[in-house]
2 protein chains.
Amino acid sequence: MPLYANNPDRKSWLHVDKNSDFPIQNIPFGVFLTRDDIVTIGTRIGDTAIDLGALHQLGYFIDIPLTDDIFLQDTLNDFIADGRKTWRAVRNRIAQIFDSNDKTLKENKSHKEIVLFRLDEIEMQLPVQIGDFTDFYSSMQHATNFGSLFRDAENTILPNWLHIPIGCHGRSSSIIPSGIPVHRPKGQMLPEGADAPVFGPSKSVDFELEMAFITTVANDLGEPIPIAEAEEYIFGLVLLNDWSARDIQKWEYAPLGPFLAKNFATSISPWIVTLDALEPYKVEGPKAIKPQLEYLQYKGKKSYDINLEVAIRPSGAKETVVSKTNFKHLYWNMVQQLAHHTVNGCPVNSGDLMGTGTISGPTPDSYGSMIELTWKGEKSIKMKDGSERTFINDNDTVIMRGFCEKDGTRIGFGEVSTKLLPIFKRK
Amino acid sequence: MPLYANNPDRKSWLHVDKNSDFPIQNIPFGVFLTRDDIVTIGTRIGDTAIDLGALHQLGYFIDIPLTDDIFLQDTLNDFIADGRKTWRAVRNRIAQIFDSNDKTLKENKSHKEIVLFRLDEIEMQLPVQIGDFTDFYSSMQHATNFGSLFRDAENTILPNWLHIPIGCHGRSSSIIPSGIPVHRPKGQMLPEGADAPVFGPSKSVDFELEMAFITTVANDLGEPIPIAEAEEYIFGLVLLNDWSARDIQKWEYAPLGPFLAKNFATSISPWIVTLDALEPYKVEGPKAIKPQLEYLQYKGKKSYDINLEVAIRPSGAKETVVSKTNFKHLYWNMVQQLAHHTVNGCPVNSGDLMGTGTISGPTPDSYGSMIELTWKGEKSIKMKDGSERTFINDNDTVIMRGFCEKDGTRIGFGEVSTKLLPIFKRK
């Protein structure tokens, strides 16, 4: 099925700002609570949210084979499980309905009143029920920086890193959509030179700038996904902030990896931008430094040119951008990650979330976490309000954004924005 | 509410073998497919499975506040979410219905035909939808053995181990009930002395003898569970075989822990034995070697005297028991694990599964994995059929069992039994 929805010349009859992340070429998917307290699946064009549940009930998808309640759900899991053919058909139809030349909905005032929402009338939810969350570690610069910061300068990239898209399992229960605040976590940490750990609030709460892909049902227990087929099972991408408490992490992480240092919260942007929408922004990734095993060898462009940035907004002040980087710096790409993840027969389901790991670019201002940007707090970052940061302060809001741009069309992710609250106090 | 169901003097009008794991004092919970292809929640007395969905429809729980469909579900999550008061009321009622002095069901032939099943008429399912799977690492002997085997003899127990109930996230999608076979996984491994890894079937597939507890809804994001309350949120326990591929594990595990070496399969026993049923078997655990932080300090007996064993059954031969150990050897107990897991505000939901980690006892014949029992294959274990094992062979079945026994009453878990098939071949 052609990617008719990606036509760069199409204009929508809905207003779209020039720098919007959501032109009619994007058509992302999300879940929101409407002004009538109904949860529905929707999309967004410009600053207008579109209720796909209502649109379907009104007959706008009538010749696409969809169950009646496919959009009247509180997660996208079932829709995603329907597979790429359905995703494409629905995106193409939405493009047609909102095309400036199509008058069906445009001139139906009562339908528009049911279907369209201003952004301040809705509340974005987690878009999928996440069965399993996997976090990869696929930025070479990040792995190198962490090797220096947590181990030693001699031992930065471990021998397996250039052969394996290293990853680990994460916690699903603490994944939250943009806008939900997070408490500073408490935990154990070992003060410099001490014999025994102390307990208290983390003093080094950090973000990790990541993206994550969401899968459809891919395989049964025991059955690997060949790399040539892996892309078929990827629905789309979101921004991800993998909140981390560095002092807790340093003390707990050997030998099984980070646990409480990360599972207190992981924030994601609420609109899933489909792989289809990102198709025009495909680029080659970094060249392999060492030969890769056959099951990890792929053909064609499998990386994406996605501009990323992180900003910190102190309470009551203006934000300061603290990092700018790009998705294309990732050494291991998504098809390699998915082929690797399933090569042992591990089953992948609809709604599984797979993070890239922190995306650090090659220059010090493109690193994807405060511990890298401030080199473990050795230097600080100046905010526009004159204050300085080595890590994240109470009541700071961390905002991540991402977009692609080419030939005058911009496809973006909106943002994932999360406020760090002081430690939790029992009422 | 009193643990009326635990009365050791009660006999059932259902037949129970002398050595059964499932006397009327047990009353575990599980999910099964009936001869009529209906999925229901049930319990078991002796070798009789009891359809709780049907029993509820027939009015046997009429004065307990339960929703009509609470047992007519394909998972126990909603029942578990109802909390301990409900679990106790239901167990007490079941004890009463099947008490040899109670004639209501005993003398109602048509009801019995609807409610009771022989074990060969049912097919046990996964008892819960597992939102998150956490695997702890709480056996000191196991951590010591692994320190020697994977690192070095100088560096066996890491400094954090005596302060933290170390754990990591696992994969939920590959958790399977007893009886589902598993394919030998393929993956990367680094041959001794080689510069680069090779790809192929694991040559060292191993079991890990664990138990796991299942939680109810415990806390919101940000809110720790105090250790004094932790037990309230634990529904019950199962046996768990944390399948592991040692050659894959050795190459991949640094720095984020095992991934593909473990996520190809994790098997659990299908009947959840409630913490209430295990109450008479509480014992003290090992004394703390180092002082523990306040949030990990508990009062009273929090360990359990549960006899555990592992057997290997080669294809077409009799089984050989290869290890006997006990749950009580675990250094960190469940309330410490749950208090630790949530001290940073990580939310715990109904149906979360938390493994103990491999339970290795103090003697070499009580170790909980083949790599420990054979000390990395340096010695082999003789099977009754004359063959030898260093790891698990294709078509071997690994069987784990567990039970408590005191004053003539035995409460057991049945078994988790899993056959290892040869590598998966695409049709």
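The following paragraphs lead through a predicted model of a structure with chains A and B, from its symmetry to single side chains.

Residues are numbered from 1 along each chain as its sequence is written, while chains are lettered from A and ligands numbered from 1 in the order in which they are written. Because the model is predicted, local features need pLDDT of at least 70 and side-chain atom pairs count only at pLDDT 80 or more, whereas totals for chains, interfaces and linings use all residues; side-chain values use heavy atoms, with hydrogens and water left out.

Consider first the two copies. Chain B is superposed on chain A by a rotation of 180° with 0.0 Å of shift along the axis, at an RMSD of 0.0 Å; the fit is by least squares on the C-alpha atoms of residues with pLDDT of at least 70 in both. The copies are thus related as by a two-fold rotation axis. The same surface serves both, since 100% of the contact residues of chain B recur in chain A, where contact means heavy atoms within 4.5 Å.

Within chain A, UniProt, in an unreviewed entry, places the feature "domain: Fumarylacetoacetase N-terminal" at residues 25-127. UniProt positions are given in the numbering used here, feature names are shortened, and annotations may be inferred rather than shown by experiment. The end C-alpha atoms of this span lie 20 Å apart, and the span is 31% helix and 19% strand. Helices (H or I, at least four residues) and strands (E, at least two) are DSSP runs, numbered from the N terminus.

Helix H3 of chain A covers residues 84-97. Its 14 residues, at 1.5 Å a residue, should span 20 Å, which agrees with the 20 Å between its end C-alpha atoms; the expected span is 1.5 Å times one less than the number of residues. Of these 14 residues, 12 are buried, so H3(A) is largely enclosed by the rest of the structure. Buried means under 20% relative accessible area, exposed over 50%, and partly exposed in between (1.4 Å probe, protein chains only). Among the buried residues are Trp87(A), Val90(A) and Ile94(A), and the elements that cover the buried residues of H3(A) include strand E2 (39-45) and helix H1 (52-57) of chain A. Trp87(A) also belongs to a cluster linked by ring pairs, together with Phe29(A), Phe61(A), Phe71(A), Phe79(A) and Phe235(A).

Rings of Phe, Tyr and Trp (its six-membered ring) pair if their centres lie within 6.5 Å; planes under 30 degrees apart count as stacked, over 60 as edge-to-face and the rest as tilted. By this rule there are 30 aromatic pairs over all chains. In one of them, Phe32(B) and Phe117(B) meet edge-to-face, 5.9 Å centre to centre with 65° between the planes. Phe32(B) lies in strand E1 (residues 30-33) of chain B and Phe117(B) in strand E4 (residues 116-118) of chain B, so the pair ties together parts that are 85 residues apart in sequence. Both Phe32(B) and Phe117(B) are buried.

Rings may also lie beneath a charge, which requires NZ of Lys or CZ of Arg within 6 Å of the ring centre and within 35 degrees of the ring normal. Arg10(A) lies over the face of Tyr4(A), 4.5 Å from the ring centre, and the charged end of Arg410(A) sits over the ring of Phe403(A), 3.8 Å from its centre.

Finally, Glu229(B) is found in the loop between strand E13 (209-215) and strand E14 (234-241) of chain B. With 27% relative accessibility, Glu229(B) counts as partly exposed.
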